[in-house]
Amino acid sequence: MVREPDRSKPAFGPADLLTAVRIPLAVAFFWIDSTAWRVVFLWLAGITDFVDGYVARRWGSSRLGSFLDPVADKVFVAAAFWVVLVSGKLAWWEVVAVMARDLTATFAFLLTVAFKRPAAIPARRAGKLVTIGQLLVVLAFLLDSWLLRPLAWVTAAAALVAIADYGRVARGQARGL
């Protein structure tokens with residue numbers, strides 16, 4: 001279901017604090033060259049990503065959160081995968097494949113803005129699996145695990161499934177307009 005901004009929601013909510021933490025974590029992940037600290041930042045980003053949704057459902061979501069959550073997610077993912085990319089441990093096209101869902105979602109959202117119909121599709125199960133996969137890929141990278149490439153390929157496949165799922169929902173909503 002495509003959602004438009006809900007004017008009945010407050011501008012700011014408690015979940016927004018958890019969401020906003022991911023932006024400085026992304027900056028720190030990018031700039032600090034310590035594996036131990038990067039693991040901590042990754043862990044905190046993952047926890048805040050999952051907990052902010054619970055907090056929003058429990059105590060109410062906000063208009064800011066509807067915008068800030070996907071932005072914070074994409075900023076952290078971009079910072080983390082930039083570090084992976086420049087390491088050379090995955091090819092550029094593997095990094096793009098792992099990030100395909102995020103790149104597609106960003107492009108699709110920008111199209112809705114360009115056509116003056118900004119809308120977003122709420123998180124779906126396939127998208128959540130991609131998020132978990134991305135976190136595991138970054139963790140495998142940080143731990144220099146042999147699982148890095150297999151996890152990247154599985155996550156890329158999950159990203160394709162998520163893109164198809166979101167596309168199906170968006171087409172269904174477009175027909176309903």
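This briefing covers a cavity, aromatic pairs, charges over rings and one buried alanine. The model is predicted. The cavity count comes to 1 at 30 Å³ or more. A search of the whole structure finds 5 aromatic pairs. Phe76 appears both in the cavity lining and in one of the aromatic pairs.

**Cavity**
- The largest cavity holds about 30 Å³ of space.
- Its lining consists of Leu42, Phe76, Val77, Ala80, Phe81, Gln134, Leu135 and Val138.
- Helix 3 (63–87) and helix 6 (125–142) are the elements that give two or more residues to this lining.
- Helix 3 supplies the largest share of the lining, with 4 residues.
- By residue type, the lining divides into 7 nonpolar, 1 polar and no charged.

**Aromatic pairs**
- Among the 5 aromatic pairs is Phe29 with Phe76, in an edge-to-face arrangement.
- The Phe29 and Phe76 rings lie 5.5 Å apart, centre to centre, with 65 degrees between the planes.
- This pair links distant parts of the chain: Phe29 belongs to helix 1 (residues 14–31) and Phe76 to helix 3, 47 residues apart.
- Both Phe29 and Phe76 are buried.
- Another edge-to-face pair joins Phe30 and Trp31.
- For Phe30 and Trp31, the centre-to-centre distance is 5.1 Å and the angle between the planes is 90 degrees.
- Phe30 counts as partly exposed because its relative accessibility is 31%, between the cut-offs of 20% and 50%.
- Trp31 counts as exposed because its relative accessibility is 64%, and exposed means over 50%.

**Charges over rings**
- The charged end of Arg38 sits over the Phe29 ring, 5.4 Å from the ring centre.
- Phe29 thus has two partners described here: Phe76 in an aromatic pair and Arg38 over its ring.
- The charged end of Arg58 sits over the ring of Trp59, 5.4 Å from its centre.

**Ala162**
- Ala162 is located in helix 7 (residues 148–176).
- Ala162 counts as buried because its relative accessibility is 0%, and buried means under 20%.
- Leaving aside neighbours within four places in sequence, Ala162 is in contact with Arg101, Ala126, Gly127 and Val130.
- Ala162 and Leu111 are 51 residues apart in sequence, and their C-alpha atoms are 18 Å apart in space.

Technical notes:
Residues are numbered from 1 along each chain as its sequence is written. This is a predicted model: local features need pLDDT of at least 70, side-chain atom pairs count only at pLDDT 80 or more; totals for chains, interfaces and linings use all residues. Side-chain values use heavy atoms; hydrogens and water are left out. On a 1 Å grid over the protein atoms alone, a cavity is a set of points where a 1.4 Å probe fits but cannot get out, and a pocket is an open set with protein on both sides within 12 Å along at least five of seven lines; lining residues have an atom within 4 Å of a point. Grid points are joined across faces, edges and corners, and a volume is the space filled by probe spheres set on the points. Ala, Val, Leu, Ile, Met, Phe, Trp, Tyr, Cys and Pro count as nonpolar, Asp, Glu, Lys and Arg as charged, and the others, Gly among them, as polar. Rings of Phe, Tyr and Trp (its six-membered ring) pair if their centres lie within 6.5 Å; planes under 30 degrees apart count as stacked, over 60 as edge-to-face and the rest as tilted. Buried means under 20% relative accessible area, exposed over 50%, partly exposed in between (1.4 Å probe, protein chains only). A charge sits over a ring if NZ of Lys or CZ of Arg is within 6 Å of the ring centre and within 35 degrees of the ring normal. Contact means heavy atoms within 4.5 Å.
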